[in-house]
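Please look through the structure below with attention to its charged pairs, its nonpolar interior and the confidence of the prediction. The report that follows takes these topics in that order.

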Amino acid sequence: ETAPTSAYSSPARSLGDTGITPLSPSHIANDADPNVSEQQTFLVVVAIDFGTTSSGYAYSFAKEPECIHVMRRWEGGDPGVSNQKTPTTILLTPERKFHSFGYAARDFYHDLDPNEAKQWLYLEKFKMKLHTTGDLTMDTDLTAANGKKVKALEIFAYALQYFKEQALKELSDQAGSEFENSDVRWVITVPAIWKQPAKQFMRQAAYQAGLASPENSEQLIIALEPEAASIYCRKLRLHQMIELSSKTAVNGYSSSDTVGAGFAQAKEHIRRNRQSRTFLVENVIGEIWSELEEGDKYVVVDSGGGTVDLTVHQIRLPEGHLKELYKATGGPYGSLGVDYEFEKLLCKIFGEDFIEQFKIKRPAAWVDLMIAFESRKRAAAPDRTNPLNITLPFSFIDYYKKFRGHSVEHALRKSNVDFVKWSSQGMLRMSPDAMNALFRPTIDSIIEHLRDLFRKPEVSTVKFLFLVGGFAEAPLLQQAVQAAFGDKCRIIIPQDVGLTILKGAVLFGLDPAVIKVRRSPLTYGGKHPPEKLLVKDGTRWCTDVFDKFISVDQSVALGELVKRSYTPAKPSQLVIVINIYSSEHDNVSFITDPGVKKCGTLRLDLTGTSSAAVPARREIQTLMQFGDTEIKATAIDIATSKSVKVGIDFLNY
């Protein structure tokens, strides 16, 4: 028995705002057009937070939007890591078929015989590849732990398909009847600093995983992580957060309790409430919000595994809509940086040649070592005095002896790393200073980046700083942010900080129009293709002129359109291709200017639009939208008022 089609109007409908289905361009076309589909209604919104180090999903039914359910607990959690999310790890069989995801993938891989393990493809932390690849395409590769290459698109699609199946299964169990994919509006979160191609790549992977399709693109919304966090933070009540800078007691902690103690108590409070995975988002504006007046500004610092994303929002009353004040900034300063420093430390002690070999020859043991490090990394704190012990896997000790001809203990004595000792129980013993030093480069980058941001005039009068994302749980980061900015603004951490984005993404899926104004991260423009050299009065006109669509950091309202008209060179022409260029600078005159790059194409497909009486000069009006989380376009043939098929592509041009 299938679930009944929804009788509830979607939240979008009730606002009477067509701009709300941000991904359905057809609504701009005129209403008489029979091709325009009536807006779909969804029974449920499911958000997937596809993180660098861990992932998860949450959902909410359209008929009770104030309840957000976080996914079921997964099998096989780690000691010292209490989390609703699961590691972003994936395992393929030697035949490259999907085998498992998350803890299950990790445990299975770990239990394989070392020689057999070399045949299996194990991938982790692969999301960063989309951030670091400058020329991302559908064919970009990822490298598995055994050194073999696989197509990134395939891996992302496998992971999303896995989440789709898990979520539909859980929804069906809960509803007591089969849930269909068509009942679901999907939301996938990405860092705000991601470029357009990476966002399109994620959408492509989701189509391949069957979450939505190009024909039904509005079933999937791409949400920006810090925006999602921002939406959730506005709903916070005082008992749901910890204020680092408060002189007064919040939740009954006074500031004389250290940051750590308050956080520990809060964690205990969450642990007690852990049994319930449903969060009530009160349909009120949270208390913290009630202190904000029209025009107040706040910064959301989203620090995750791979990236740190900074967004500045301003509040617009009465509805409490948000306006982005400064284009998203940030960089690859996530908690992975700490793992990387640990790896550098191991290279320093045991030699880079050994570590490289060990990773290839004993990939599962390397994964084990990093898991052991992860749980100690979470025990690091500013005031810690006792050392942190990291167990070395037996095969590390064994392989090192074979490789070097002397023991691990000998290597540690010989290396001049003073903070790391060998303990007789077969562990690396790190002093708290040594551990803190591993955090330093990453935390310094985050603080430096925030300092730059605070120097911008738009950001000078910020009232609050919300610290969210998985890395925000690190007391060392909390303390550093507090020390650097505690006198400038109030610093607030939501209690379930690792789930903030997930819950905000669900709220965004229920009402995508909540963010009304965004800033363009780049200057975008186009030029006519070369076959259109204008010859006017015998003079050849230069066509390298940059036709600016939108400027870098220009504010763009949701649904605001940039209009351009294009005309085919000859009546028989069936496709018009306009190249899209981008630049980080504002003052661009020619596409040949330094720093101007071709970044995509706009394709107008004129087949099937021509009627018997084609006017000699056809005008195709193109409407581009830059105010959403993705760039979109639609087009109309002015003579016939018919929609023209448009493709805007930042991946395959």
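D339 is buried, and K377 is buried as well. In this predicted model, D339 and K377 form a salt bridge whose closest N and O atoms are 2.7 Å apart. That pair links distant parts of the chain, since D339 belongs to helix α10 (residues 336–350) and K377 to helix α12 (residues 363–377), with the two positions 38 residues apart in sequence.

A second salt bridge brings together the side chains of K359 and E343, at 2.7 Å from N to O. K359 lies in helix α11 (residues 352–361) and E343 in helix α10, so this pair ties together parts that are 16 residues apart in sequence. K359 counts as partly exposed, with a relative accessibility of 22%, whereas E343, at 18%, counts as buried. Salt bridges with shared partners also join K125, D339, E374, K377, R378 and E473 into one network.

K127 forms a salt bridge with E225, and their closest N and O atoms are 3.0 Å apart. The pair connects distant parts of the chain, 98 residues apart: K127 is in the loop between β7 (121–124) and α4 (128–132), and E225 is in helix α7 (residues 225–233). K127 is buried, with a relative accessible area of 4%, and E225 is buried too, with 6%. The count of salt bridges in the model comes to 20, and the table sets out the three described here.

| Salt bridge | N to O distance |
|---|---|
| D339 and K377 | 2.7 Å |
| K359 and E343 | 2.7 Å |
| K127 and E225 | 3.0 Å |

The nonpolar interior comes next. The largest nonpolar core has 148 residues, and F156, F342 and F350 are those with the most contacts inside it. Helix α5 (residues 152–175) contributes the largest share of this core, namely 12 residues. Leaving aside neighbours within four places in sequence, F156 is in contact with F50, F126, K127, L130, L142, F201, M202 and A205. Apart from this core lies another, of 23 residues, among them Y524, V562, L604 and V644.

The confidence of the prediction remains to be considered. The mean pLDDT of the chain is 78, and 79% of its residues reach 70 or more. Over residues 1–38 the pLDDT stays under 50, and for this stretch the model has 67 contacts beyond four places in sequence. Over residues 266–276 the pLDDT is also below 50, and that stretch has nine contacts beyond near neighbours in sequence. Where pLDDT is low, the predicted coordinates should not be read in detail.

How values were computed. Residues are numbered from 1 along each chain as its sequence is written. This is a predicted model: local features need pLDDT of at least 70, side-chain atom pairs count only at pLDDT 80 or more; totals for chains, interfaces and linings use all residues. Side-chain values use heavy atoms; hydrogens and water are left out. A nonpolar core is a set of buried Ala, Val, Leu, Ile, Met, Phe, Trp, Tyr and Cys residues joined through side-chain atoms within 4.5 Å. Buried means under 20% relative accessible area, exposed over 50%, partly exposed in between (1.4 Å probe, protein chains only). Helices (H or I, at least four residues) and strands (E, at least two) are DSSP runs, numbered from the N terminus. Contact means heavy atoms within 4.5 Å. pLDDT is the predictor's confidence in each residue, from 0 to 100. A salt bridge is a side-chain nitrogen of Lys or Arg within 4 Å of a carboxyl oxygen of Asp or Glu.
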